[in-house]
Amino acid sequence: MITLFDIPSTLGVPWSSNVWKTRFTLNYKRIPYKTEWVVYPDIEAVLKKHNIGPTGTKGDGTPYYSLPAILHVDDATGEIKAALADSFHIAAYLDKAYPDTPRILPEDEEGLQEQKAFADGLLWDMMPLLTIMFKAVMPVMNEGSREYFSKARAMNLYGVYGVHRLENIPYGEEERRVLWKDLEVCFGKLEEKVARTDGEGVWFKGDRITFADFVIGGLLIWMRTILGENSEEWGRVSAWNGGRWGRFLEGLKEYYDTAV
Ligand SMILES: N[C@@H](CCC(=O)N[C@@H](CS)C(=O)NCC(=O)O)C(=O)O
(Lines give C-alpha, C1' and ligand atoms only; values in the text may rest on other atoms or scores of the structure.)
Protein backbone atom coordinates (compact mmCIF):
# COMPACT_ATOMS: atom_id res chain seq x y z
CA MET A 1 0.00 0.00 0.00
CA ILE A 2 1.09 3.54 -0.66
CA THR A 3 0.82 6.22 2.00
CA LEU A 4 0.60 9.77 0.67
CA PHE A 5 1.68 12.47 3.11
CA ASP A 6 -0.43 15.61 2.76
CA ILE A 7 -1.05 18.82 4.70
CA PRO A 8 -4.44 19.23 6.43
CA SER A 9 -6.68 22.28 6.40
CA THR A 10 -9.88 23.03 8.28
CA LEU A 11 -11.79 22.42 5.02
CA GLY A 12 -11.33 18.67 5.49
CA VAL A 13 -10.48 18.07 1.81
CA PRO A 14 -7.12 18.00 0.01
CA TRP A 15 -6.14 21.53 -1.04
CA SER A 16 -2.36 21.80 -1.53
CA SER A 17 -1.43 22.39 -5.15
CA ASN A 18 1.87 20.54 -4.80
CA VAL A 19 0.32 17.47 -3.21
CA TRP A 20 -2.49 17.48 -5.78
CA LYS A 21 0.11 16.80 -8.48
CA THR A 22 0.76 13.44 -6.81
CA ARG A 23 -2.92 12.77 -6.06
CA PHE A 24 -3.70 13.31 -9.74
CA THR A 25 -0.86 10.97 -10.70
CA LEU A 26 -2.02 8.21 -8.33
CA ASN A 27 -5.69 8.62 -9.31
CA TYR A 28 -4.84 8.65 -13.03
CA LYS A 29 -2.94 5.41 -12.62
CA ARG A 30 -5.69 3.98 -10.40
CA ILE A 31 -3.16 3.08 -7.74
CA PRO A 32 -4.76 2.70 -4.29
CA TYR A 33 -3.33 4.79 -1.48
CA LYS A 34 -4.14 6.17 1.92
CA THR A 35 -3.47 9.67 3.21
CA GLU A 36 -1.51 10.60 6.30
CA TRP A 37 -2.01 14.25 7.32
CA VAL A 38 1.00 16.18 8.59
CA VAL A 39 0.94 19.78 9.84
CA TYR A 40 3.72 22.04 8.51
CA PRO A 41 5.95 22.09 11.61
CA ASP A 42 6.02 18.26 11.67
CA ILE A 43 6.94 17.67 8.00
CA GLU A 44 10.69 17.52 8.60
CA ALA A 45 10.45 15.05 11.52
CA VAL A 46 7.98 12.76 9.72
CA LEU A 47 10.11 12.65 6.58
CA LYS A 48 13.29 12.03 8.56
CA LYS A 49 11.54 9.16 10.36
CA HIS A 50 10.98 7.52 6.97
CA ASN A 51 14.47 8.34 5.72
CA ILE A 52 13.16 10.75 3.13
CA GLY A 53 15.62 13.52 2.34
CA PRO A 54 15.07 17.24 1.73
CA THR A 55 13.99 18.45 -1.71
CA GLY A 56 15.91 21.71 -1.62
CA THR A 57 17.50 24.37 0.53
CA LYS A 58 15.76 27.23 2.34
CA GLY A 59 16.81 30.86 1.97
CA ASP A 60 18.76 30.59 5.24
CA GLY A 61 20.76 27.63 3.90
CA THR A 62 19.02 24.92 5.97
CA PRO A 63 17.49 21.84 4.24
CA TYR A 64 13.95 22.18 2.87
CA TYR A 65 11.71 19.18 3.62
CA SER A 66 8.49 19.21 1.62
CA LEU A 67 5.32 17.35 0.75
CA PRO A 68 4.10 15.50 -1.23
CA ALA A 69 5.99 12.40 -0.14
CA ILE A 70 5.06 8.76 -0.41
CA LEU A 71 5.87 5.57 1.45
CA HIS A 72 5.40 2.39 -0.57
CA VAL A 73 5.21 -0.77 1.52
CA ASP A 74 4.75 -4.30 0.18
CA ASP A 75 1.60 -5.50 1.94
CA ALA A 76 2.59 -9.16 1.82
CA THR A 77 6.12 -8.89 3.18
CA GLY A 78 6.11 -5.51 4.96
CA GLU A 79 9.18 -4.59 2.91
CA ILE A 80 9.63 -0.87 2.22
CA LYS A 81 9.80 -0.59 -1.55
CA ALA A 82 10.28 3.17 -1.68
CA ALA A 83 10.12 6.33 0.39
CA LEU A 84 10.54 9.60 -1.46
CA ALA A 85 9.46 13.21 -1.82
CA ASP A 86 8.93 15.65 -4.71
CA SER A 87 5.97 15.27 -7.04
CA PHE A 88 8.14 14.95 -10.16
CA HIS A 89 10.35 12.22 -8.68
CA ILE A 90 7.27 10.45 -7.35
CA ALA A 91 5.71 10.50 -10.84
CA ALA A 92 8.92 9.01 -12.31
CA TYR A 93 8.96 6.33 -9.60
CA LEU A 94 5.30 5.39 -10.16
CA ASP A 95 5.85 5.12 -13.93
CA LYS A 96 8.67 2.66 -13.24
CA ALA A 97 7.10 0.73 -10.36
CA TYR A 98 3.72 0.33 -12.09
CA PRO A 99 4.59 -0.34 -15.74
CA ASP A 100 1.06 -1.62 -16.47
CA THR A 101 -0.48 1.78 -15.67
CA PRO A 102 -0.60 4.69 -18.14
CA ARG A 103 2.72 6.56 -18.26
CA ILE A 104 2.66 10.15 -17.14
CA LEU A 105 6.22 11.20 -18.04
CA PRO A 106 7.87 10.80 -21.44
CA GLU A 107 10.76 8.34 -21.79
CA ASP A 108 13.06 10.52 -23.88
CA GLU A 109 15.44 12.93 -22.14
CA GLU A 110 14.25 16.00 -24.04
CA GLY A 111 10.61 15.32 -23.21
CA LEU A 112 11.50 14.73 -19.56
CA GLN A 113 13.42 17.99 -19.34
CA GLU A 114 10.49 19.85 -20.90
CA GLN A 115 8.16 18.47 -18.22
CA LYS A 116 10.59 19.23 -15.40
CA ALA A 117 11.20 22.79 -16.60
CA PHE A 118 7.47 23.41 -16.84
CA ALA A 119 6.81 21.92 -13.38
CA ASP A 120 9.63 23.92 -11.77
CA GLY A 121 8.77 27.15 -13.56
CA LEU A 122 5.00 27.47 -13.32
CA LEU A 123 4.75 29.09 -9.90
CA TRP A 124 7.61 31.49 -10.71
CA ASP A 125 5.58 32.62 -13.70
CA MET A 126 2.58 33.17 -11.41
CA MET A 127 4.04 35.40 -8.70
CA PRO A 128 0.88 37.53 -8.12
CA LEU A 129 -0.98 34.31 -7.39
CA LEU A 130 1.20 33.55 -4.39
CA THR A 131 0.18 36.61 -2.37
CA ILE A 132 -3.47 36.10 -3.30
CA MET A 133 -3.44 32.43 -2.36
CA PHE A 134 -1.27 32.60 0.76
CA LYS A 135 -3.60 35.29 2.11
CA ALA A 136 -6.64 33.16 1.26
CA VAL A 137 -5.15 29.98 2.78
CA MET A 138 -4.43 31.56 6.19
CA PRO A 139 -8.01 31.41 7.55
CA VAL A 140 -8.36 27.70 6.70
CA MET A 141 -4.97 26.61 8.03
CA ASN A 142 -5.06 24.18 10.91
CA GLU A 143 -4.09 25.63 14.27
CA GLY A 144 -0.93 23.52 14.19
CA SER A 145 0.20 24.94 10.83
CA ARG A 146 -0.95 28.58 10.96
CA GLU A 147 1.98 30.17 12.79
CA TYR A 148 4.54 28.26 10.71
CA PHE A 149 2.74 29.03 7.45
CA SER A 150 2.44 32.74 8.20
CA LYS A 151 6.15 33.10 8.95
CA ALA A 152 7.48 30.76 6.27
CA ARG A 153 5.42 32.21 3.43
CA ALA A 154 6.06 35.84 4.47
CA MET A 155 9.75 34.94 4.38
CA ASN A 156 9.36 33.42 0.88
CA LEU A 157 7.61 36.48 -0.51
CA TYR A 158 8.63 39.52 1.52
CA GLY A 159 11.52 38.40 3.73
CA VAL A 160 13.92 40.74 1.93
CA TYR A 161 11.62 43.66 2.80
CA GLY A 162 11.64 42.73 6.47
CA VAL A 163 8.03 41.48 6.53
CA HIS A 164 7.91 38.47 8.85
CA ARG A 165 4.23 37.53 8.92
CA LEU A 166 1.68 37.10 6.13
CA GLU A 167 -0.76 39.26 8.11
CA ASN A 168 1.63 42.21 7.70
CA ILE A 169 1.64 42.15 3.90
CA PRO A 170 -0.52 45.06 2.70
CA TYR A 171 -3.66 43.70 1.05
CA GLY A 172 -6.18 46.48 0.60
CA GLU A 173 -8.52 47.04 -2.32
CA GLU A 174 -5.82 48.66 -4.46
CA GLU A 175 -3.22 45.90 -3.83
CA ARG A 176 -5.80 43.27 -4.70
CA ARG A 177 -6.84 45.07 -7.87
CA VAL A 178 -3.22 45.21 -9.09
CA LEU A 179 -2.51 41.57 -8.17
CA TRP A 180 -5.61 40.30 -9.99
CA LYS A 181 -4.82 42.38 -13.04
CA ASP A 182 -1.26 40.99 -13.12
CA LEU A 183 -2.56 37.48 -12.55
CA GLU A 184 -4.77 37.71 -15.61
CA VAL A 185 -1.66 38.53 -17.65
CA CYS A 186 0.10 35.46 -16.18
CA PHE A 187 -2.77 33.20 -17.19
CA GLY A 188 -2.69 34.75 -20.65
CA LYS A 189 0.97 33.69 -20.94
CA LEU A 190 0.16 30.20 -19.70
CA GLU A 191 -2.58 30.00 -22.30
CA GLU A 192 -0.03 30.85 -25.02
CA LYS A 193 2.11 27.90 -23.89
CA VAL A 194 -0.78 25.46 -23.80
CA ALA A 195 -2.44 26.83 -26.94
CA ARG A 196 0.46 25.58 -29.09
CA THR A 197 -1.34 22.28 -29.03
CA ASP A 198 -4.78 23.64 -29.88
CA GLY A 199 -6.53 21.65 -32.51
CA GLU A 200 -4.83 18.47 -31.29
CA GLY A 201 -6.49 18.55 -27.88
CA VAL A 202 -6.61 20.68 -24.78
CA TRP A 203 -3.63 19.27 -22.88
CA PHE A 204 -0.02 20.46 -22.59
CA LYS A 205 1.01 17.85 -25.13
CA GLY A 206 -2.17 18.07 -27.18
CA ASP A 207 -4.30 14.95 -27.05
CA ARG A 208 -2.60 13.05 -24.21
CA ILE A 209 -2.37 13.85 -20.53
CA THR A 210 1.13 14.26 -19.11
CA PHE A 211 2.49 15.36 -15.73
CA ALA A 212 2.46 19.02 -16.84
CA ASP A 213 -1.35 18.87 -16.93
CA PHE A 214 -1.39 17.80 -13.30
CA VAL A 215 0.86 20.75 -12.48
CA ILE A 216 -1.72 23.09 -14.06
CA GLY A 217 -4.58 21.06 -12.58
CA GLY A 218 -2.99 21.22 -9.11
CA LEU A 219 -2.82 24.99 -9.36
CA LEU A 220 -6.43 25.27 -10.51
CA ILE A 221 -7.90 22.91 -7.92
CA TRP A 222 -5.93 24.74 -5.20
CA MET A 223 -7.55 27.99 -6.33
CA ARG A 224 -11.01 26.54 -6.66
CA THR A 225 -10.86 24.82 -3.25
CA ILE A 226 -9.46 27.78 -1.35
CA LEU A 227 -11.28 30.65 -3.11
CA GLY A 228 -14.52 28.63 -3.20
CA GLU A 229 -16.18 27.04 -6.22
CA ASN A 230 -18.99 29.63 -6.14
CA SER A 231 -16.80 32.61 -5.35
CA GLU A 232 -16.57 35.64 -7.59
CA GLU A 233 -12.78 35.10 -7.79
CA TRP A 234 -12.95 31.53 -9.05
CA GLY A 235 -15.69 32.56 -11.47
CA ARG A 236 -13.29 35.15 -12.86
CA VAL A 237 -10.37 32.70 -13.26
CA SER A 238 -12.44 29.94 -14.78
CA ALA A 239 -13.80 32.39 -17.36
CA TRP A 240 -10.41 33.81 -18.46
CA ASN A 241 -9.06 32.84 -21.88
CA GLY A 242 -12.43 31.88 -23.24
CA GLY A 243 -13.29 29.72 -20.24
CA ARG A 244 -10.24 27.55 -20.74
CA TRP A 245 -9.34 27.06 -17.07
CA GLY A 246 -12.78 26.04 -15.90
CA ARG A 247 -12.91 23.54 -18.77
CA PHE A 248 -9.37 22.36 -18.10
CA LEU A 249 -10.17 21.44 -14.50
CA GLU A 250 -13.50 19.92 -15.51
CA GLY A 251 -11.57 17.73 -17.98
CA LEU A 252 -9.58 16.27 -15.06
CA LYS A 253 -12.73 15.51 -13.06
CA GLU A 254 -12.39 11.74 -13.07
CA TYR A 255 -8.93 12.14 -11.52
CA TYR A 256 -9.99 14.32 -8.63
CA ASP A 257 -13.46 13.01 -7.89
CA THR A 258 -11.91 10.02 -6.17
CA ALA A 259 -12.44 9.09 -2.55
CA VAL A 260 -9.37 9.78 -0.45
N1 LIG B 1 8.66 20.88 -6.09
C2 LIG B 1 8.09 20.31 -4.96
C3 LIG B 1 7.48 21.40 -4.11
C4 LIG B 1 6.93 20.88 -2.83
C5 LIG B 1 6.59 21.96 -1.80
O6 LIG B 1 7.18 23.05 -1.80
N7 LIG B 1 5.65 21.63 -0.89
C8 LIG B 1 5.22 22.51 0.18
C9 LIG B 1 3.75 22.27 0.47
S10 LIG B 1 2.67 23.06 -0.60
C11 LIG B 1 5.91 22.14 1.47
O12 LIG B 1 5.92 20.98 1.84
N13 LIG B 1 6.48 23.10 2.20
C14 LIG B 1 7.16 22.84 3.44
C15 LIG B 1 7.57 24.10 4.14
O16 LIG B 1 7.18 25.18 3.70
O17 LIG B 1 8.29 23.98 5.15
C18 LIG B 1 7.07 19.24 -5.38
O19 LIG B 1 6.41 19.40 -6.40
O20 LIG B 1 6.99 18.22 -4.70
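In this tour a residue is called buried when its relative accessible area is under 20%, exposed when that area is over 50%, and partly exposed in between, using a 1.4 Å probe and counting protein chains only. The model is predicted, so local features need a pLDDT of at least 70 and side-chain atom pairs count only at pLDDT 80 or more, while totals for chains, interfaces and linings use all residues. Residues are numbered from 1 along each chain as its sequence is written, and side-chain values use heavy atoms, with hydrogens and water left out.

**First stop: serine 17**

Select serine 17, which is placed in helix α1; helices here are DSSP runs of H or I with at least four residues, strands are runs of E with at least two, and both are numbered from the N terminus. Serine 17 counts as buried because its relative accessibility is 10%. Now add glycine 217 to the selection: the two residues are 200 apart along the chain, and their C-alpha atoms are separated by 8.2 Å.

**Second stop: the ligand**

Select the ligand next, together with the residues around it, where a residue is near if one of its heavy atoms lies within 4 Å. There are 15 residues around the ligand, and those that come nearest are Lys21, Tyr64, Leu67, Ser87 and Tyr148. By class this shell has eight nonpolar, four polar and three charged residues, where Ala, Val, Leu, Ile, Met, Phe, Trp, Tyr, Cys and Pro count as nonpolar, Asp, Glu, Lys and Arg as charged, and the others, Gly among them, as polar.

Which atoms should be looked at for polar contacts, meaning pairs of N or O atoms within 3.5 Å? An oxygen atom of the ligand is 2.5 Å from an N or O atom in the side chain of serine 87, and a nitrogen atom of the ligand is 2.7 Å from a polar backbone atom of leucine 67. At arginine 153, an N or O atom of the side chain is 3.0 Å from an oxygen atom of the ligand. Taken alone, the ligand exposes 520 Å², of which the protein buries 86%, with these areas coming from the Shrake-Rupley method and a 1.4 Å probe. Colour α1 (17–29) and α6 (143–158) as well, since these are the elements that give two or more residues to the shell around the ligand.

**Third stop: leucine 67 and proline 68**

Stay at leucine 67 and look along the backbone to proline 68, because a cis peptide bond joins the two, with omega about 15°. Proline 68 has its place in the loop between β4 (63–64) and β5 (69–73).

**Fourth stop: two asparagines**

Select asparagine 51, in the loop between α2 (43–49) and β3 (56–57), and notice that its phi is positive, about 60°, although it is not a glycine. Asparagine 51 counts as exposed, at 72% relative accessibility. Move on to asparagine 241 in helix α9, where phi is also a positive value, near 50°, in a residue other than glycine. With a relative accessible area of 28%, asparagine 241 is partly exposed.

**Fifth stop: serine 238**

Remain in helix α9 (residues 232–251) and select serine 238, which counts as buried at 17% relative accessibility. A polar atom of its side chain lies 3.2 Å from the backbone oxygen of glycine 235.

**Last stop: glutamine 115**

Finish in helix α4 (residues 109–121) with glutamine 115, which is buried at 1% relative accessibility. Add proline 14, which is 101 residues from glutamine 115 in sequence and 24 Å from it in space, C-alpha to C-alpha.

Terms used:
A polar contact is a pair of N or O atoms within 3.5 Å; within protein, one must be able to donate a hydrogen and the other to accept it, and residues adjacent in sequence count only if both atoms are side-chain atoms.
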